[in-house]
Amino acid sequence: MKNRESIIAPLFGLVVGILVSSILLIISGSNPILAFQGLYVGSFGSLGAISNTLIKAIPLIIGGLAVIISYKSGIFNVGVEGQLFFGAMGGSIIATMPMFQDLPAFISIPLSIIVAMIFGGILGFIPGYLKAYRGINEVVVTMLLNYIIIFFLSQQVQPGGFLHETGTKANQSNPVHEAMRLPVLFEGLLTKVHVGLIIALVLVVIIWFVMSRTAIGFKMKAIGLNPKAAEYAGMDMSLIQTKVMIVSGAMAGLAGAVEILGYHYRLVDAFALGIGYNSIAVALLASLNPIAVIFSAIFFGALQAGNNTMQIIAEVPESFTRLVQGVVVFFVIAGAVLPKIISKKMTIKRLAKEAVEENHVKEGQENA
Amino acid sequence: MLSAILLFLLTGVIMGTPLLIMAMGGVVTERSGTLNLGLEGTMLTGAFFSYYIAITTGNVWYGLIGGMVSGIVLAFFHGLAMIYWNTNQVVTAVAINMVALGLTNTLMGNFSKTTSAGNNISPGFDALFKINLGEAIIGVNWFLVLAIIMIPLTWFVIQKTTVGLAIRAVGEYPTAAATMGIRVRRVRMLCFLYTGAISALAGAALTIGDVRVFINNMTAGKGFIAFACIVFGRYTALGTAFGAIVFGISEAIRNYIQIFAWSIPGGYMTAIMMPYIITLLLLIFSKKGVAPKSWAIPYEGDED
C-alpha cells in the first residue's frame, strides 16, 4: 500500500505537471509538442545527448541525496545551492592553485574533495545549529547564505579575488591541474561521462543502507515523523539535526567538487546556478526515496540537457524547463496528500449515509 | 549633521519601500498561524504581470490591478495545498517559488522576442517629488506613502479590531477559535490571499513603480528578507516595519558605495552582499522569536 502510494504521487505529478505547463506554454504563444520533442531529441536522441543527460544528472543525484537526508530528519536544507558553490570553492583551492600542482593525483584528488566537503559542511552547520539550538527558521538562513555565497564566489573569481586566474580579465579561476581531472568512463562510447557517476551511485547505496538498515537512520526518520515522540524516547533531536545538516552540506560540497574536477575543469562565475534548487525537485519527485533519486535525477538532467535543442527547434525560452519542474513538484506534493483527503471525505459521506439509513430502518420498525 | 542623519533614514525608507509593503502584508499571514515562504514567488509574479499588463494595455492602473490579481491566483494555489490539504508548508513554498520563477522567465522570454530593446519600457507611476543627493537623484512616489500608511494601519487592524482578533485567535488557539464559531481555514486562507495581493503590489513597486522594466529573478531574495524582517520584528507590525527600514538603510549604504565609488575591501561585490549579511546578522542576534503559538502547525479540524 505504502509502495503504491509512493509511485502514484510522482506519476500524478508528472502527468498533471506536464499538462499544466503545456497549457501555460500555449497561452504564452509557443507550441508545447515541439518543445517536448526538442527536449527529447536533446536529452535522449543520440549517444552524445544521453551522455549529456547523465553528466547533468550526476550533481543532481548527490544533491538530491543531500536534500533527502535533511528532509527525512525534519530539517529543510534549501541551501544545497550555496553549499555546492562553497564546496566547489574549497575544492578549487587545491585543484587550481599553483602551490598544489605537484601533488600526486592519488593524494590531491581526495584532498580536494575532502576540503570541498569541509567547506560545504561548515555552510550546512550554520543553519543547522541556528535551527536546532536557536529556533531560527532554516529556510531563511539557507536562502540568505545562498545569495551571499553566490556573490562571494563571483567576487573571488573576479580580478582581485584569491581564486582569480592571473593575467586574464575573465571571471574565472585557473584551470584544474591536468592530473587532477576525474577520469572519463566509457572512453569512446559516451563523451565526458566521468567517475562522478560512480561516486553518485555509491552514495545512493550508502544513503539507502543508512536510512533503512541502521539505528541512526531510524533515529533520523523518527525525528522527522514525530519530533515530540522522538524526544520522549530520549533522542537528542538538536544534536542529530545539526549533524544531519553538516553531512547534508558536506554532500552538497562533494557535488560541487565533482562538478569542478569532472566537468567544468575550472571555477567560473555562477557555474552551477540552479543545481541546488533542482536537487530539491529531484528529491521530492523521488518521494524522498534514495534509490528513486537516480531516475528522478535523470529526468531533471534530461530537462536541462534538452534545453538547448528545445530552444532551437521550438523557439521556447530555456526557462520553460524550470516552469515544468516547479509545476511537476507542486503536483507531486499535492498528489501525495489528495488520495488521503478524498478517501477521508468519502468515509465521512459513507458514514453519514449509513447513519441516515439506520434511522430509516429504526423509523420503519417504530411505525410497524 | 541632524539633517544628514534624517536624509540617511529617509533614503533607507525609500530604498526599503517594496520590502516594507511586502513585510506589512506578510505579517498578517504569519499572525494567522501559517508559514508563508512563498512571498518571493508572489512578489515576482506581481512584478512581472504588472509590467506586462501595463506595457500591453498602456495603462499603469490595469498593470497594478493585474499584478495584484496574479499574486492572488498564485497564493490561492499555495494556500489551497497548504491550508486545506495540509501539505508540508516549507516544501509547498519551494515549489510555488519555482513555478513563479519559471513562469515569469518563460513569459518574459516569449514577450521580449516581440519587442525591441528600445520600447520595452512600460508606463509607470511618476515621482511625487525628487531628492537631490548631489551625484544622484532619488524619486519618491506614492508607493512610499502607501508603505508608511500601512505601518500604523496594519498594527491597528491586528491589535484593535474584531478582524484582527479573529486573525490572532486562529494563529494562537485555532481549536478554541473554532469552538467560538470562527472558520479557521477560511480566516487563514483570506489572510493568505491578502498577503499574496500585497506582496504582488510590492513587486509592482519594483517594476511600474521604479525601473519600468522586468528583469528575470529581479526580486533576488527580497521575499526571504521580508520574512526575516517579520521574525526579527517578533511577528508584530511595528517591529517588522523597523526591520524593513533597517534593511532599506543597508540597501541605501550599498547604493552610496556604488554611486560615490567608496572604496571598501572586495569592492562592489561586498556592497551587493551587504544587505543579505546584515539581514542574517539581525536574525542571528535578535532575541528568540515569540511566534504565534500555532504558527506553522496545520489545522487538523474537520470544518471546511
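**Exercise 1. Find the partner of a histidine side chain.**

Task: Which backbone oxygen does the side chain of A:H177 reach, and at what distance?

Solution. Begin with the pair itself. The A:H177 side chain comes to the backbone oxygen of A:M97, at 3.0 Å. This is a predicted model. Next, place the residue. A:H177 sits in a loop of chain A, between β1 (172-175) and α7 (196-213). Then check its exposure. The relative accessible area of A:H177 is 10%. The cut-off for buried is under 20%, so A:H177 is buried. Finally, list the surroundings. Setting aside residues up to four places away in sequence, A:H177 touches A:I94, A:A95, A:T96, A:M97, A:P98, A:F100 and A:Q101.

**Exercise 2. Describe chain A as a whole.**

Task: How many helices and strands does chain A have, and what share of its residues counts as buried?

Solution. Start with the elements. Chain A has 14 helices and two strands. Turn to its extent. The C-alpha trace of chain A spans about 100 × 55 × 35 Å along its principal axes. Now take burial. Chain A has 368 residues, and 53% of them count as buried. Last, look at contacts in chain A between residues at least 6 apart in sequence. Of these, 74% join residues at least 24 apart.

**Exercise 3. Look at one helix and its cover.**

Task: Which residues of helix α8 in chain A are buried, and what covers them?

Solution. Helix α8 of chain A runs over residues 215-225. Its buried residues are A:G217, A:M220, A:A222 and A:I223. Now look outward. The cover over the buried residues of α8(A) includes α3 (47-72), α7, α9 (227-232) and α10 (237-264) of chain A.

**Exercise 4. Classify a helix pair in chain A.**

Task: Are α3(A) and α11(A) roughly parallel or roughly perpendicular to each other?

Solution. Take the geometry. The axes of α3(A) and α11(A), residues 275-285, come within 8 Å and cross at roughly 65°. Apply the class. Angles of 65 to 115 degrees count as roughly perpendicular, so α3(A) and α11(A) are roughly perpendicular to each other. The handedness of this crossing is right-handed. Now find the residues that meet. From α3(A) come A:P59, A:L60, A:G63, A:G64, A:V67, A:I68 and A:Y71; from α11(A) come A:I275, A:N278, A:S279, A:I280, A:V282, A:A283 and A:L284. By class, this contact of α3(A) with α11(A) has ten nonpolar, four polar and no charged residues.

**Exercise 5. Repeat the analysis in chain B.**

Task: What angle do the axes of α3(B) and α10(B) make, and which residues form the contact?

Solution. In chain B, α3 covers residues 39-57 and α10 covers 222-232. Their axes cross at roughly 130° and come within 7 Å. That makes α3(B) and α10(B) oblique to each other. The crossing of α3(B) past α10(B) is right-handed. On the α3(B) side, the contact uses B:L39, B:E40 and B:M43. On the α10(B) side, B:K222, B:G223, B:F224, B:A226 and B:F227 take part. Sorted by class, the contact of α3(B) with α10(B) has five nonpolar, one polar and two charged residues.

**Exercise 6. Trace the contacts of a loop leucine.**

Task: Is B:L35 buried or exposed, and which residues is B:L35 in contact with?

Solution. B:L35 lies in the chain B loop between α2 (17-31) and α3. With a relative accessible area of 4%, B:L35 is buried. Leave aside neighbours within four places in sequence. B:L35 is then in contact with A:N137, B:E30, B:M82, B:Q89, B:V90, B:F227, B:W295 and B:A296. Take B:Q89 from that list. The C-alpha atoms of B:L35 and B:Q89 are separated by 6.4 Å, while the two residues are 54 residues apart along the chain.

Conventions:
Residues are numbered from 1 along each chain as its sequence is written. Chains are lettered from A and ligands numbered from 1 in the order in which they are written. This is a predicted model: local features need pLDDT of at least 70, side-chain atom pairs count only at pLDDT 80 or more; totals for chains, interfaces and linings use all residues. Side-chain values use heavy atoms; hydrogens and water are left out. Helices (H or I, at least four residues) and strands (E, at least two) are DSSP runs, numbered from the N terminus. Buried means under 20% relative accessible area, exposed over 50%, partly exposed in between (1.4 Å probe, protein chains only). A polar contact is a pair of N or O atoms within 3.5 Å; within protein, one must be able to donate a hydrogen and the other to accept it, and residues adjacent in sequence count only if both atoms are side-chain atoms. Contact means heavy atoms within 4.5 Å. Axes are lines fitted to C-alpha atoms, for helices over the stretch in contact, and angles run from 0 to 180 degrees between N-to-C directions. Angles under 35 degrees count as roughly parallel, over 145 as roughly antiparallel, 65 to 115 as roughly perpendicular and the rest as oblique. A crossing is left-handed if the near helix is turned anticlockwise from the far one by less than a right angle, and right-handed if clockwise. Ala, Val, Leu, Ile, Met, Phe, Trp, Tyr, Cys and Pro count as nonpolar, Asp, Glu, Lys and Arg as charged, and the others, Gly among them, as polar.
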